[in-house]
Amino acid sequence: MAMLRAMDSAVAGLRAHQSKLDVIGHNIANVNTYGYKSQNYSFQEAMYQTSTASTGGSTNSGGVNAAQYGYGSLTGSISMDMTASTPTYLAGFNATITGQGFFITSANNTHKVNTAGMKGIGDLEYTRVGQFSIDSNGYVVDSSGNFIYGYAGADGSAAPTGDATALQVPGNQLLTSVKLNNLGVITGVTEDGKVLTIGQLAIATFQNPEGLTKTGGYYYQTVTGDNTGTASASAPGQGSTPTLMAGYLEASNVDLAKEFSEMITAQRGFQANTKMITVSDE
């Protein structure tokens, strides 16, 4: 029976260490992915079988501590490290956020985004990667073709009013160039040399950004009742909302030295658990 317990513990340990290696492998694979936030894996102890219960002492006998057999380890948590990473200069129609916050995107261009209803809109997605362009219909989109939300016509001289909507060049006029500044104001030059203000980007912030859910690519989602806490949307530089660095993209925050160290210790743990299975079998 004891050997079966040892084997069960070792199998649980194998699975837990494999999961940790999966997380490490995913981090390393994304070491050069713009806007990627690394994940941290932690273990927790599995269930216990009590052989002797803990009992208090009395005037006639001494107390006895509990004796328990454990059944290995399990996944404790897989958390995100939302620490901002190094800005990488690329020039062009790009931007990175200098603090906490996310650009607001959606495959749907009909939403009206405000603080009160932001978490109730299921297909809104949030990203740290500000890689923008103007599509054939004059909309500001990201590299996946999703619409970028902001305040139409706002020029950064005052706090914008109203809801954030999908930004579009007024009248879908043809532009010869597009420019973005550190307050998120997007301007363009028309064919006749006129400077046109398209609008100002909106930045979403969350009380607990680690509560966001990754959806693939470089997007995050939030829904009503999740652990992100209070959500708000405003323009860069307004109140506590951070400004931008125009022309930059945020690099991955994966620390390769840390990941390699974690990989070595996880591999040794995996190896030790395989040895425990072999010994139990023998």
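User: Why does Lys 20 count as buried?

Analyst: In this predicted model, Lys 20 has a relative accessibility of 8%. Buried means under 20%. The value of 8% falls under that limit, so Lys 20 counts as buried.

User: What makes the pair of Glu 262 and Lys 20 a salt bridge?

Analyst: Their side chains meet at 2.8 Å, N to O. The rule asks for a side-chain nitrogen of Lys or Arg within 4 Å of a carboxyl oxygen of Asp or Glu. The distance of 2.8 Å is within 4 Å, so the pair qualifies. Glu 262 sits in helix α2, and Lys 20 in helix α1. They are 242 residues apart, and the pair links distant parts of the chain.

User: Is Glu 262 buried, exposed or partly exposed, and why?

Analyst: Partly exposed, at 26% relative accessibility. The class runs between the 20% and 50% limits. The value of 26% lies in that range, so the label holds.

User: How do you know that Glu 250 and Lys 37 tie together separate parts of the sequence?

Analyst: Glu 250 lies in strand β21, whereas Lys 37 is in the loop between α1 and β1, so the pair joins parts 213 residues apart. The closest N and O atoms are 2.8 Å apart. Within 4 Å is the test, so this is a salt bridge. Glu 250 is buried at 2%, and Lys 37 is buried at 1%. A network of salt bridges links Lys 37, Arg 128 and Glu 250.

User: Why does the pair of Lys 258 and Glu 259 still count as a salt bridge?

Analyst: The N to O distance is 3.8 Å. The limit is 4 Å, so the pair passes. Lys 258 is partly exposed at 35%, whereas Glu 259 is buried at 2%. By this rule, the count comes to five salt bridges.

User: What makes the link between Lys 119 and Asp 226 a polar contact?

Analyst: Their side chains are joined at 3.0 Å. The cut-off is 3.5 Å between N or O atoms, so 3.0 Å fits. A polar atom of the Lys 119 side chain also lies 3.1 Å from the backbone oxygen of Gly 229. Lys 119 is in the loop between β7 and β8. Its relative accessible area is 17%, under the 20% limit, so Lys 119 is buried.

User: Why are Tyr 139 and Phe 147 called edge-to-face?

Analyst: Their ring centres are 4.9 Å apart and their planes are at 70°. Rings pair within 6.5 Å, and planes over 60 degrees apart count as edge-to-face. Both conditions are met, so the label follows. Both residues are buried.

User: What makes Tyr 218 and Tyr 219 tilted?

Analyst: The planes make an angle of 45°, with 4.9 Å centre to centre. Stacked needs under 30 degrees and edge-to-face over 60, so 45° is tilted. Tyr 218 is buried at 16%, and Tyr 219 is buried at 8%.

User: How do you know that the charged end of Arg 5 is over a ring?

Analyst: The charged end sits over the ring of Tyr 69, 3.9 Å from its centre. The limit is 6 Å, so the distance test is met. Arg 5 and Tyr 69 are also among the contacts of Gln 49.

User: Why is Gln 49 neither buried nor exposed?

Analyst: Its relative accessible area is 32%. Buried is under 20% and exposed over 50%, so Gln 49 is partly exposed. This residue is found in strand β2. A polar contact of 2.7 Å joins its side chain to that of Tyr 71.

Notes. Residues are numbered from 1 along each chain as its sequence is written. This is a predicted model: local features need pLDDT of at least 70, side-chain atom pairs count only at pLDDT 80 or more; totals for chains, interfaces and linings use all residues. Side-chain values use heavy atoms; hydrogens and water are left out. Helices (H or I, at least four residues) and strands (E, at least two) are DSSP runs, numbered from the N terminus. Buried means under 20% relative accessible area, exposed over 50%, partly exposed in between (1.4 Å probe, protein chains only). Contact means heavy atoms within 4.5 Å. A polar contact is a pair of N or O atoms within 3.5 Å; within protein, one must be able to donate a hydrogen and the other to accept it, and residues adjacent in sequence count only if both atoms are side-chain atoms. Rings of Phe, Tyr and Trp (its six-membered ring) pair if their centres lie within 6.5 Å; planes under 30 degrees apart count as stacked, over 60 as edge-to-face and the rest as tilted. A charge sits over a ring if NZ of Lys or CZ of Arg is within 6 Å of the ring centre and within 35 degrees of the ring normal. Lists of a residue's contacts leave out its neighbours within four places in sequence.
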